[in-house]
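The following account leads the reader through a single protein chain, from its overall dimensions to individual residues. Please keep the structure in view while reading.

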Amino acid sequence: MQNGWRNIKCSRPIQTITRIPDMRILFLTHSFNSLTQHLFVELTEAGHEVSVEFDIADSVTEEAVALYQPDIILAPFLKRAIPTSVWQNNLCLVVHPGIVGDQGPSALDWAIQRGENKWGVTVLQANDVMDGGDIWATETFPLMPEKKSSLYRNQVTEAASRAVAAAVERYQNGFQPCPLEAWTDARGEMHPLMRQVDRQIDWELDDTRTVLRKVHAADGFPGVKDELFGTPCFLFDAHAEPDMAGRAGALLGWRGQAVVRATRDGAVRIGHVRRPDSAHTFKLPTSIAFASELKSLPLLDDAGADGIRYEEADGVGYLYFDFYNGAMSTEQCQRLLAVYHKACARPTRVIVLMGGEDFWSNGIHLNLIEAADSPADESMRNIQAMDDLAEAILRTTSHLTVAALASNAGAGGVFLALTADLVWARPGIVLNPHYKNMGNLYGSEFWTYTLPRRVGTERAQSITQNRLPLGGEQARRMGIVDACFGVDAASFRNEARKRALALSIMPDYAERLAAKIEVRQRDESLKPLVQYRELELAEMQRNFYGFDPSYHYARYQFVHRVLHSWTPRHLCKHRNIKRQGAI
Ligand code: COA
């Protein structure tokens, strides 16, 4: 039991008599987002049966509860209250991304904007007061100045996972939760929904730190409403530009895809915007959203602004590619390939593909494809560029290659990782090794070669068809990943560096390199890589240009963040089973 509970007068020690071994847990959630996926993986791994229902309408929720008859209803990510009929008759636990006492729908936004240095996640029992129910578990973490989306995918997810595990275990052991009023040192308060007026940047007055806080607090969604080039837009993806300054509020130039704007005491670059006035109302790189304004400002040195970074230490090359949202456009793939070729020309022995901070990779860039004049043509260009990169990694004979996944990966991003000789992952990450959620997309990146080679044909089939997320450890057991280690991203990266160094100085390094080349030559003689690529791309050609528009439809829905109007069948087990007395 964590420390905070000891001082609380109503907390009770865990009893060990009533343990319910495997429970049925129903997730009631706004969407199957990263946190929900993470908890799904963890609770399934802990032996529970989990089914998912999207919060679409009260009657649909009531129906799901009647069908599934869960032991616990867990709400990892909800935007509205749970129906009274449901919380009054079932144990409903709500994951609130705030410390004890914090209430309201913009918990992280306020915490970041206020500059809190310690924050938390609390698991509460739903009642008639929003975020005011009894406390089942709470966890805290240090809060650094960073993007809300990063914070949510990392610290919040890790803390939520610990708090939910504790709450579920406490329930199994007959624990009584603590009423909020009885919690002795509740620091949190009620905060209203954060409005755009609360987020507004005053370019004359705000210093860089304040501007960053405001944009970070809105990152992911909804962005900060502002103006660029006299046009209203929402700002995302802000970074400090410590070496630049100008008249406060002035636009100073372009750095890569970002526009640089002066603050009171320096400058920031804004990497992404959403322009509600334009033909493409979704989030895009600033230089694409304001393409016709490109010539009106100077092009600044873009070194380091494109997310690609190569480092070398002790005979190992580390290639970082920190692309916003893990999406890899045609040009980003091409630039990364050029740097990869340079890395291969270095006198190192191992190349480690480190990916980005928030995501390792999520495959081709769906937003840029959606914004292209011909989404079908751009899809083909993008997948070709991705395949060029994947093929270069597969054909590498000069080095041993490692994909080191400290963060999540999805679709083509997972299969890009599988082109490396070794795949290392953090247990806490979530992988989505399938394409089918994108309208039956067949997928490429040589998955038809790399996945069956690792897991066998039958399992490859079920992994890609089931469309479920996998945790790092599950992926290791299946053979998708070779090694799994590290409690958090920092410890994973440290350990990955140690292991990469060890690999580069192994006494049998030359034999291992020779063995990999031999296996590749043998595989090539059985079926050339070109053939895998052609067969995959023939399927993709049909997805992009064929009669069935489902890929284009699914991409549109994804990019425009269109809400689901039903829960996908593969997630809601309760709709596939018949129970006595069910509706
Ligand atoms: N292209 C463009 N944007 C992408 C993207 C991609 N391939 N993958 C994710 N994103 C964006 C999302 O639109 C979202 O944007 P936001 O900033 O407006 O929130 C953000 O990344 C996070 O994605 P989200 O779906 O909210 O994250 P998640 O962690 O909950 O889910 C995935 C991760 C990978 C399951 C999910 O993003 C996904 O299915 N992505 C598409 C993968 C794909 O089909 N790629 C193309 C085929 S290779």
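The text begins with the chain as a whole and then turns to selected helices, loops and side chains.

The model is predicted. The protein chain contains 19 helices and 22 strands. Its C-alpha trace spans about 65 × 60 × 55 Å along the principal axes. For 583 residues, a compact globule would have a radius of gyration near 25 Å, and the protein chain, at 25 Å, agrees with that expectation. Of these 583 residues, 55% are buried. Among contacts with a separation of 6 or more, 71% join residues that are 24 or more positions apart.

The surface and the charges complete this overall view. About 25200 Å² of the protein chain is exposed, and carbon and sulfur atoms supply 52% of that area. There are 63 positive and 70 negative side chains, and the centres of the two sets lie 2 Å apart.

Helix H7 offers a starting point for the interior. This helix is mostly covered, with 7 of its 10 residues buried. The buried residues are Thr208, Val211, Leu212, Lys214, Val215, His216 and Ala217. They pack against helices H4 (107-114), H5 and H6 (196-199), and also against strands S7, S8 (231-240) and S11 (267-274). In an α-helix there are 3.6 residues a turn, so residues three or four places apart point the same way.

The loop between H7 (208-217) and strand S7 (224-228) holds Pro222. The peptide bond leading from Phe221 to Pro222 is cis, with omega near 5 degrees. Most peptide bonds, by contrast, are trans, and most residues other than glycine have a negative phi. Pro222 counts as buried because its relative accessible area is 16%, and the cut-off for buried is under 20%. Leaving aside residues up to four places away in sequence, Pro222 touches Lys148, Gln196, Arg199, Phe234 and Phe236. Ala163, in turn, is 59 residues from Pro222 in sequence and 27 Å away in space, C-alpha to C-alpha.

Backbone geometry is again of interest in the loop between S7 and S8, where Phe229 is located. Phe229 is not a glycine, yet its phi is positive, near 50 degrees. With a relative accessible area of 24%, Phe229 is partly exposed.

Phe446 also has a positive phi, of about 60 degrees, although it is not a glycine. This residue lies in the loop between strand S20 (430-432) and helix H13. Phe446 is buried, its relative accessible area being 0%. In H13 (residues 447-455), the buried residues include Trp447, Tyr449, Thr450, Leu451, Arg454 and Val455. After H13 comes Gly456, which has a positive phi near 90 degrees.

Two further buried residues remain to be placed. Gln172 belongs to helix H5 (residues 148-172) and is buried, with a relative accessible area of 2%. Gln172 and Asn432 are separated by 260 residues in sequence and by 30 Å in space, C-alpha to C-alpha.

Thr138 is part of strand S6 (residues 135-142). A relative accessible area of 6% places Thr138 among the buried residues. What does the side chain of Thr138 reach at 3.1 Å? One partner is the backbone oxygen of Val121. The side chain of Thr138 also makes a polar contact with the side chain of Thr122, at 3.1 Å.

How values were computed: Residues are numbered from 1 along each chain as its sequence is written. This is a predicted model: local features need pLDDT of at least 70, side-chain atom pairs count only at pLDDT 80 or more; totals for chains, interfaces and linings use all residues. Side-chain values use heavy atoms; hydrogens and water are left out. Helices (H or I, at least four residues) and strands (E, at least two) are DSSP runs, numbered from the N terminus. The radius of gyration is taken over C-alpha atoms; the globule rule is 2.2 Å times the number of residues to the power 0.38. Buried means under 20% relative accessible area, exposed over 50%, partly exposed in between (1.4 Å probe, protein chains only). Contact means heavy atoms within 4.5 Å. Accessible areas come from the Shrake-Rupley method with a 1.4 Å probe; for residues, only the protein chains shown count as cover. Lys and Arg count as positive and Asp and Glu as negative; His and the chain ends are not counted. The place of a charge is taken as NZ of Lys, CZ of Arg, CG of Asp or CD of Glu. A polar contact is a pair of N or O atoms within 3.5 Å; within protein, one must be able to donate a hydrogen and the other to accept it, and residues adjacent in sequence count only if both atoms are side-chain atoms.
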